[in-house]
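Let's work through a set of short exercises together. Keep the structure in view, try each task yourself, and then follow the solution step by step.

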Amino acid sequence: MELEAEFERVLAADQRVEPRDWMPDGYRRTLVRQIAQHAHSEIIGMQPEGNWISRAPSLRRKAILLAKVQDEAGHGLYLYAAAETLGADRADLTERLITGRQKYSSIFNYPTLTFADVGVIGWLVDGAAICNQVPLCRTSYGPYARAMIRVCKEESFHQRQGYELLATMMAGTDAQRSMVQDAVDRWWWPSLMMFGPPDAESANTERSVAWRIKRNTNDELRQKFVDMTVPQAAKLGVTLPDPELRWNAERGHHDFGTPDWDEFRRVVGGDGPCNAQRVAHRRTAHEEGEWVRAAATAHAAKRAAREAGAA
Ligand SMILES: [Fe+2]
Ligand SMILES: [Fe+2]
């Protein structure tokens with residue numbers, strides 16, 4: 001009772017819950033699930049763009065893309081480490097990912113067809129990730145909040161490199177401009193789905209907001225993303241593929257159409273264009289890395305034995 005009161009006091013005072021503090025089981029479970037899904041998304045998210053590293057059109061673009069994809073690996077690692085502070089086991093989380101028992105963001109189940117997709121992913125997908133993650137810098141669980149601060153700094157670089165690539169292509173040839181427009185047409189709606197289902201259908205939102213894990217609802221964040229992106233699209237000279245998109249002066253926000261939630265449910269449920277490929281690729285990488293893990297474990301054991309001998 002006393003511990004629970006202390007937990008509630010920490011939340012009410014907008015302070016952080018730390019690994020050794022008492023916390024309700026549901027809070028711990030919710031966080032492990034959310035942080036694991038977030039970590040998996042960073043790791044799986046390396047694949048669609050990694051696909052283009054060997055075919056980047058210049059050394060400069062290749063260096064930028066390599067740095068970006070490596071950042072995503074780093075984000076995955078911070079997040080797995082944050083999940084471990086809650087008692088989760090990283091090997092177990094990986095196992096859940098490669099056996100399809102734990103999810104990752106549905107956005108990474110779409111294919112990257114041209115190099116313009118690299119720009120559009122940076123601009124829209126990393127842009128949506130920023131909208132989602134900036135409020136998480138103030139989430140109630142300390143290690144998660146602190147990881148997010150660094151992640152968000154790197155995400156801003158990701159978004160800018162994408163926008164800069166698109167601006168360059170839009171100043172190029174007609175073929176480049178139509179490549180960009182085609183990529184925008186394909187990625188716009190899946191980007192809006194990144195915020196999750198509408199609030200009315202989101203089972204976990206209310207509880208997560210009460211625990212101050214989430215600071216905003218899905219619909220609030222989606223609106224923020226649309227309002228932020230519309231002027232950027234105008235500046236780039238691309239059309240967002242939504243005939244219902246218009247400024248609503250009364251609300252002080254843009255109105256916009258409804259994403260195809262059936263498609264969202266299908267892709268989340270495993271039936272997107274690339275789900276099987278993404279998970280299979282991750283499973284192969286994990287299996288091929290087995291010898292590295294075995295070698296690192298053997299090395300650590302040897303070193304510990306040597307140090308024990310010296311002492
Ligand atoms: Fe990331
Ligand atoms: Fe990113």
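**Exercise 1. Find which elements help to cover the buried residues of helix 1.**

Step 1. Helix 1 spans residues 2-12, and its buried residues include Phe7, Val10 and Leu11. Helices here are DSSP runs of H or I with at least four residues, numbered from the N terminus. Buried means under 20% relative accessible area, exposed means over 50%, and partly exposed lies in between, using a 1.4 Å probe and protein chains only.

Step 2. These three cover an arc of only 100° around the axis, so they sit on the same side of helix 1. The arc is taken from the directions that run from the helix axis to the C-beta atoms. An α-helix has 3.6 residues a turn, so residues three or four places apart point the same way.

Step 3. Turn to the other side of helix 1, where Glu2 and Ala12 are exposed.

Step 4. The cover over the buried residues includes helix 2 and helix 9 (205-210). Contact here means heavy atoms within 4.5 Å.

A word on the model: it is predicted, so local features need pLDDT of at least 70 and side-chain atom pairs count only at pLDDT 80 or more, while totals for chains, interfaces and linings use all residues. Residues are numbered from 1 along each chain as its sequence is written, chains are lettered from A and ligands numbered from 1 in the order in which they are written, and side-chain values use heavy atoms, with hydrogens and water left out.

**Exercise 2. Describe the phi of aspartate 14 and of arginine 212.**

Step 1. Recall that most residues other than glycine have a negative phi.

Step 2. Aspartate 14 has a phi near 60°, a positive value in a residue other than glycine. Aspartate 14 belongs to the loop between helix 1 and helix 2. With a relative accessible area of 32%, aspartate 14 is partly exposed.

Step 3. Arginine 212 is not a glycine either, yet its phi is positive, at about 60°. Look for arginine 212 in the loop between helix 9 and helix 10. Its relative accessibility of 27% makes arginine 212 partly exposed.

**Exercise 3. List the protein donors of the iron ion (ligand 1) and explain why their arrangement is irregular.**

Step 1. The donors are Glu42 (OE), Glu72 (OE), His75 (ND1) and Glu155 (OE), at 2.1 to 2.2 Å from the ion. A donor is an N, O or S atom within 2.8 Å of the metal (3.2 Å for Na, K and Ca); water is not among the atoms, so sites may look incomplete.

Step 2. Along the chain, their spacing reads E-x29-E-x2-H-x79-E. Glutamate 42 in helix 2 (residues 25-44) and glutamate 155 in helix 7 (residues 142-170) are 113 residues apart, so this pair links distant parts of the chain. Glutamate 42 and glutamate 155 are both buried.

Step 3. The arrangement is irregular because the 4 donor atoms subtend angles of 84 to 149°. Four donors count as tetrahedral if all angles lie between 85 and 135 degrees; four count as square planar and six as octahedral if opposite donors are over 155 degrees apart and all others between 65 and 115; anything else is irregular.

**Exercise 4. Work out which residues coordinate the iron ion (ligand 2), and which one coordinates both ions.**

Step 1. Glu72 (OE), Asp126 (OD), Glu155 (OE) and His158 (ND1) coordinate ligand 2 at 2.0 to 2.2 Å.

Step 2. Around ligand 2, the 4 donor atoms subtend angles of 84 to 163°, which makes this arrangement irregular.

Step 3. The two iron ions are 3.4 Å apart, and glutamate 72 coordinates both.

Step 4. Aspartate 126 and glutamate 155 are buried.

**Exercise 5. Is serine 191 buried or exposed, and which residues does it touch?**

Step 1. Locate serine 191 in helix 8 (residues 174-193).

Step 2. Serine 191 counts as buried because its relative accessibility is 0%.

Step 3. Leaving aside residues up to four places away in sequence, serine 191 touches Ile107, Leu124, Val125, Ala128 and Phe225.

Terms used. Helices (H or I, at least four residues) and strands (E, at least two) are DSSP runs, numbered from the N terminus.
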